[in-house]
Amino acid sequence: MSVRILALVGSLRAGSHNRQLAEAAVKFAPEGASVELFEGLAEIPFYNEDIDVEGSVPAPAAKLREAAQAADGFLLFSPEYNGTIPAVLKNAIDWLSRPYGAGAFGGKPAAVVGTAFGQFGGVWAQDETRKALGIAGATVLEDVKLSIPGSVVRFAETHPADDAEVAEQLTEVIARVHSHAGETAAA
């Protein structure tokens, strides 16, 4: 059985180090798993119950929900914006939390990782993301963490996939999500 892990990146910048980290996750997916990097978070309108109507959900939001429903687990990559979660990532969580009681997270395992310029690697934003995921219905893997500080310096000339320490840590994170997702899917 192949396990599908959906990756959501909270930075829209083309050269984002979190996006590069997600690209590395795609590369390091273990046998029996695939990490799919979702494209299109920028096109999803802000969550609004007035437009979340069965049969007329905006196409970008419907595409996100379809990808999430097909996933066995989630890996979210969060930078830290002003000490908290980026709006684009929070918006994705909001769309995936609905319809209430039947959202796409539905008890599926989710982990949050990321990198940021500061000395703590975005831990505040990642903690906020974990909190929102749990409330939205995901099974948050609280002990699966990776916060990489000093992104601007650390990845100035090196892609995260080429950083041996990051590659090892990220591979372990993906393996843990893969393991939990496989258990959930088999249950």
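**View 1. Side chains alternate along strand S2 of this predicted model.** Ala-33, Val-35 and Leu-37 point to one face of S2 and are buried. Ser-34 and Glu-36 point to the other face and are not buried. While you are here, look across to the neighbouring strand: Ile-5 stands opposite Val-35. The two strands involved, S1 (residues 3-9) and S2, pair in the parallel sense over five bridges.

**View 2. Five strands make an open sheet with parallel pairing.** Reading across the sheet, the order is S2-S1-S3-S4-S5. Which strands stand at the edges? They are S2 (33-37) and S5 (139-148), and each has a single partner strand, so one side of each is left without a neighbour in the sheet. On average, and with direction ignored, neighbouring strands of this sheet are turned by 20 degrees against each other.

**View 3. Strands S4 and S5 pair in the parallel sense, and helix H4 lies across both of them and S3.** Six bridges link S4 and S5. To find your way along this pair, start from Ala-110, whose bridge partner in S5 is Val-140. Helix H4 covers residues 123-135. Its direction is at about 165 degrees to S5.

**View 4. A cis peptide bond joins Arg-98 to Pro-99.** Omega is near 0 degrees for this bond. Pro-99 has its place in the loop between helix H3 (87-96) and strand S4 (109-115). As a reminder of the background, most peptide bonds are trans.

**View 5. Asn-82 has a positive phi.** The value is about 55 degrees, although Asn-82 is not a glycine. For context, most residues other than glycine have a negative phi. Where in the chain is Asn-82 found? Look in the loop between strand S3 (73-77) and H3. Is Asn-82 buried or exposed? Asn-82 counts as exposed because its relative accessibility is 82%, with the cut-off for exposed set at over 50%.

**View 6. Phe-117, Val-152 and Val-153 form a nonpolar patch on the surface.** Together, these three residues have about 330 Å² of accessible area. One of them, Val-153, is found in helix H5, which spans residues 151-154. Val-153 has a relative accessible area of 65%, so this residue is exposed.

Terms used. Residues are numbered from 1 along each chain as its sequence is written. This is a predicted model: local features need pLDDT of at least 70, side-chain atom pairs count only at pLDDT 80 or more; totals for chains, interfaces and linings use all residues. Side-chain values use heavy atoms; hydrogens and water are left out. Patches are made of residues with over 30% relative accessible area and no salt bridge: like charges are joined within 9 Å, nonpolar side chains (Val, Leu, Ile, Met, Phe, Trp, Tyr) within 5 Å. Accessible areas come from the Shrake-Rupley method with a 1.4 Å probe; for residues, only the protein chains shown count as cover. A salt bridge is a side-chain nitrogen of Lys or Arg within 4 Å of a carboxyl oxygen of Asp or Glu. Helices (H or I, at least four residues) and strands (E, at least two) are DSSP runs, numbered from the N terminus. Buried means under 20% relative accessible area, exposed over 50%, partly exposed in between (1.4 Å probe, protein chains only). Two strands pair if DSSP finds at least two bridges between them. Axes are lines fitted to C-alpha atoms, for helices over the stretch in contact, and angles run from 0 to 180 degrees between N-to-C directions. Contact means heavy atoms within 4.5 Å.
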